[in-house]
Structures are given as structure tokens and as C-alpha cells.
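Hi,

Here is the structure I promised to pass on to you. Have a look at it first, and my notes on what I found follow below.

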Amino acid sequence: QVQLVESGGGLVQAGGSLRLSCAASGRTFSSIGMGWFRQAPGKERDFVAAIPWTGITYYADSVRGRFTVSRDNTKNTVYLQMNSLKPEDTAVYYCAARSPSCSDYGCQLTVGGYDNWGQGTQVTVSS
């Protein structure tokens with residue numbers, strides 16, 4: 001079991017930046033793949049970014065080039081740096097720990113590939 005706590009959300013104007021943090025405890029963090037998802041009101045939870053234990057990064061097309069996911073294994077923390085924010089980025093952002101059963105590339109891009117979730121942090125981008 002992994003406990004995850006997100007922070008760093010808030011209200012920002014379009015074009016601005018925010019950095020989300022997700023602190024983890026429980027399983028050995030350095031061996032866990034981590035992901036970021038977001039959910040807007042009335043919509044499904046969507047993949048944003050992933051960073052496996054290898055440090056390779058993956059992004060949704062909608063955020064590639066604007067968002068950067070990183071991890072600091074010494075602090076058991078994963079980050080999501082969000083630049084050039086747009087109103088359509090408004091959502092609750094969740095970090096998640098990859099399930100041990102998720103062993104291929106594809107599953108880490110889906111909600112089903114993760115078995116522990118944080119409580120979420122609200123990001124609101126005004127136009």
C-alpha cells in the first residue's frame with residue numbers, strides 16, 4: 001500500500017505556471033512507477049503524464065511540451081511542472097502509484113494501471 005498526498009494546486013491566469021507535488025509513503029518509492037491524471041467536472045479521469053522507476057517520461061498529447069513530470073527518490077516525491085496553462089487544463093489533478101500488475105507500456109497510460117491514488121488537488125486556470 002502507498003499513501004499519496006498532493007499539493008500545489010490553485011488559481012492561476014492563462015499562460016501562468018504551477019508545480020504540483022505528490023509525497024509518497026509506504027512501498028519503496030524508487031521502484032514504483034508514478035502517474036498524474038486529471039478530472040474535469042462531468043468528465044472521465046484522463047491520463048496526463050507518467051514516470052516509471054526508470055525515469056523515462058510519457059505525456060498526453062494535450063500537455064506535451066508544456067508539462068514536465070519528474071521525481072526525486074530521495075524525497076519520495078513526484079512533481080508535475082505545468083507551464084503555459086490554459087483554461088482547458090482546469091481540473092482536479094491526481095497522482096497515482098502504478099500497480100505491480102501493470103507491466104507493459106500501455107497500462108501505465110490508463111486509470112486501471114494504478115492501484116493507489118491521492119486525494120487530488122484543484123487547478124483552476126482563468127482566461
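Of the 127 residues in the protein chain, 45% count as buried; please keep in mind that this is a predicted model.

On the fold itself, the chain has eleven strands and zero helices, so the pattern along the sequence is simply β repeated, β-β-β-β-β-β-β-β-β-β-β. The radius of gyration is 13 Å, close to the 14 Å that the globule rule gives for 127 residues, so the chain is as compact as a globular protein of that length. Along the principal axes, its C-alpha atoms fill a box of roughly 40 × 25 × 25 Å. Among contacts with a separation of 6 or more, 58% come from residues 24 or more positions apart.

Now to the inside. The largest nonpolar core holds 34 residues, and Met34, Trp36, Leu80, Met82 and Tyr93 touch the most other members. Several strands give two or more residues to this core, including S1 (2–7), S4 (34–39), S8 (77–82) and S9 (91–98). Which residues does Met82 contact, leaving aside its neighbours within four places in sequence? They are Gly16, Ser17, Leu18, Leu20, Arg66, Phe67, Tyr93 and Val123.

As for the outside, the accessible surface comes to about 6,200 Å², and carbon and sulfur atoms account for 49% of that. In terms of charge, there are 11 positive and 9 negative side chains, with the centres of the two sets 5 Å apart.

Happy to talk it through whenever suits you.

Best wishes

How values were computed:
Residues numbered from 1 in each chain as written. Predicted model: local features only at pLDDT ≥ 70, side-chain atom pairs only at ≥ 80, totals over all residues. Heavy atoms only, no water. Core = buried A, V, L, I, M, F, W, Y, C linked by side-chain atoms within 4.5 Å. Buried < 20%, exposed > 50% of the residue type's maximum accessible area, 1.4 Å probe, protein only. Helix = DSSP H or I, 4+ residues; strand = E, 2+ residues; numbered from the N terminus. Contact = heavy atoms within 4.5 Å. Rg over C-alpha atoms; globule rule 2.2 N^0.38 Å. Areas by Shrake-Rupley, 256 points an atom, 1.4 Å probe, with all protein chains shown as cover. Lys, Arg positive; Asp, Glu negative; His and termini not counted. Charge placed at Lys NZ, Arg CZ, Asp CG, Glu CD.
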